[in-house]
Amino acid sequence: MAGTKIVLEGDGVGLVETRYFTFSDFELEEGGRIDLVTIAYETYGTLNEKKNNAILILHALSGDAHVAGINSGQNNPGWWDPLIGSGRAFDTNKYFIICSNVLGGCRGSTGPATVNAKTGRPYALDFPVITINDMVDAQKRLVDSFGVDKLLAVVGGSMGGMQVLSWLTRYPDKIRSAIPIATAARHSPQQIAFGEVGRQAIMADPQWKYGNYYDGFYPAKGLAVARMIGHITYMSDVSMADKFGRQRKDKAQPHKFSADFEVEGYLRYRGENFIKRFDANSYLYITKAMDHFDASQGKALQDVLCGIKARVMLIAFKSDWLYPVYQSKEILKACKLSGVDATYCEIESTYGHDAFLLEVKEETHLIGHFLKKVFYEYEVTGHYEI
Amino acid sequence: MKYDEIRLDHRVILEWVEPGSTVLDLGCGTGELLYVLIKEKRVRGQGVEIDTQSIYKCVAKGLTVLHGDIDSGLAEYKKNSFDYVILNQSLQQIKHVGQVLNDALHVGKKVVVGFPNFAHYKSRFQVFFGGKVPVTGALPFQWYETPNLHFLSISDFVNYCRLRKIKIEKEICLSKRGVVRAYRNLFAQTGIFLVSK
């Protein structure tokens, strides 16, 4: 994130706790199965009696269940904190917010780093291939456990947006609205290429050892490089120029090829930070799941969307070159052809792909009003007499 | 809002549009017309608008809107997707008028077109006696800041429809005071037409 100072409206959710939901016998799309699945999640607000105010927020590649508030003993607010709380876009006075860590992740949910009960050792590469649809099916189990039959909204950016599209196309009767942000119905070759370079960086690290690194040294360098590549694609030419320019770091560097430009230092810092909280094997599994995702299920997307009653709000960002606006427009086109009620907004932003985490004011306005419309089931706001 | 507060041209369109129909408003601005159509005629409405601030206002009204150019993506709809496509006060600002009108007549069963009349007598006076490009109520912009790319009169539009075999189903011409019934190309500031293929 570009670390901009965000002026908060309303109140945040304060101290929050990550919880864990466990279920057994989980069949996977690609044929494998997991005996015991744990999903880490957080909730904010209260589920109402009708159980019609639940919103599911879906995180991106490196995100987790901690989307808002502060966890005890830590000072990092959740990854979308400014949008969630009393009087904010996801108003916790009205709505019940659920966010879970994806299947295959490493932030409390079952993934390759989890100990396999059968062997007593981490799964590593014995972990079965997972898909975006599997992530969604695991979320559905969690949502069902709350007794929620129909979600008010599913919302997410980037990979979270792919999960939104999976919900929309596979469980259209289980949601009243969908908000895919800065996302694509399927990855382009360019996106797959960036994913592959990240994976190669991890697998080229001698510490990776075909995924069996859990009892020794960690493929830290490889994962850090993968994250550095990621960060380049999340920013834009303009946002990098604004943030770093060609500034030199002020410390005198002792050797050649040190990080003497600000941007180099930033990328190294981001890479080093990432290895503290992310599992390299999870990175491999999740990026593969993203590359393989195709919301159109082998058909034309408009055929898959046909007859869907859920309302859609698509949000894209002008400077996003990782998930360019044309990809959102392709989804929009399919909505037009299938008659799905879709609103499309293109936000002016120089932040690149990161904009979906940073353009808080615009997203608050758009998402806040859209959710109200869906929740109160009105066609247009306000009253007037003729 | 009261009926008196609804713009005169919007009232004309409100009269024409059948209740419960589907509407696509191209260049919907802040969504005033769509809002009234949904409130009064229970239409299923959708707007297209390029201006970001206007889009935000539409969303705040609860409208379904698409952010973009009128010209882009119109042809993506299936034939007869809408009962009405509305081009109110936006036709004169479109680059490829012929193409957009064609597409509008394809995706809509009927098309509403509203535009400022360049041949209004006040404009004629300003050109003839003042020797200046007219600045009037319906054409309020100086030459250097106008968003209008095309200047047409009511007669021009009628001729265009005849040439392109577009059927004029209804027309109402307005001045500030109301409907103009005689010498409309001279006395009307705005022309509103309901056309079909």
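User: In this predicted model, is the crossing of helix 11 of chain A and helix 3 of chain B left-handed or right-handed?

Analyst: Let's look at the two helices first. Helix 11 of chain A covers residues 360–376 and helix 3 of chain B covers residues 52–61. On the chain A side, the contact is made by A:His365, A:Leu366, A:His369 and A:Phe370, and on the chain B side by B:Tyr56, B:Val59 and B:Ala60. The crossing of these two helices is left-handed.

User: How are helix 11 of chain A and helix 3 of chain B oriented to each other: roughly parallel or roughly perpendicular?

Analyst: Good one to reason through! Their axes lie 8 Å apart and pack at an angle of about 25°. Angles under 35 degrees count as roughly parallel. Helix 11 of chain A and helix 3 of chain B are therefore roughly parallel.

User: Which residue of strand 3 of chain B stands opposite B:Gly47?

Analyst: Start from strand 2 of chain B, residues 44–49. Strand 2 runs parallel to strand 3 of chain B (residues 65–67), and 3 bridges join them. Opposite B:Gly47 in strand 3 stands B:Val65.

User: And which residue of strand 2 of chain B is the bridge partner of B:Asp25?

Analyst: Strand 1 of chain B (residues 22–26) pairs with strand 2 in the parallel sense, over 5 bridges. Between these strands the chain passes through helix 2 of chain B (residues 32–41), in a right-handed β-α-β crossover. The bridge partner of B:Asp25 is B:Gly47.

User: How many residues of strand 2 of chain B are buried?

Analyst: Strand 2 of chain B pairs with strand 1 and is also joined to strand 3. Strand 2 is mostly covered, and of its 6 residues the number buried is 5.

Definitions and conventions: Residues numbered from 1 in each chain as written. Chains lettered and ligands numbered in written order. Predicted model: local features only at pLDDT ≥ 70, side-chain atom pairs only at ≥ 80, totals over all residues. Buried ≥ 20, exposed ≤ 12 C-beta atoms within 10 Å, placed from the backbone. Helix = DSSP H or I, 4+ residues; strand = E, 2+ residues; numbered from the N terminus. Pairing = 2+ DSSP bridges. Right-handed = clockwise from strand over helix to strand, strands pointing away. Axes fitted to C-alpha atoms, helices over the stretch in contact; angles between N-to-C directions. Parallel < 35°, antiparallel > 145°, perpendicular 65-115°, else oblique. Left-handed = near helix turned anticlockwise from the far one by under 90°. Contact = placed C-beta atoms within 7 Å.
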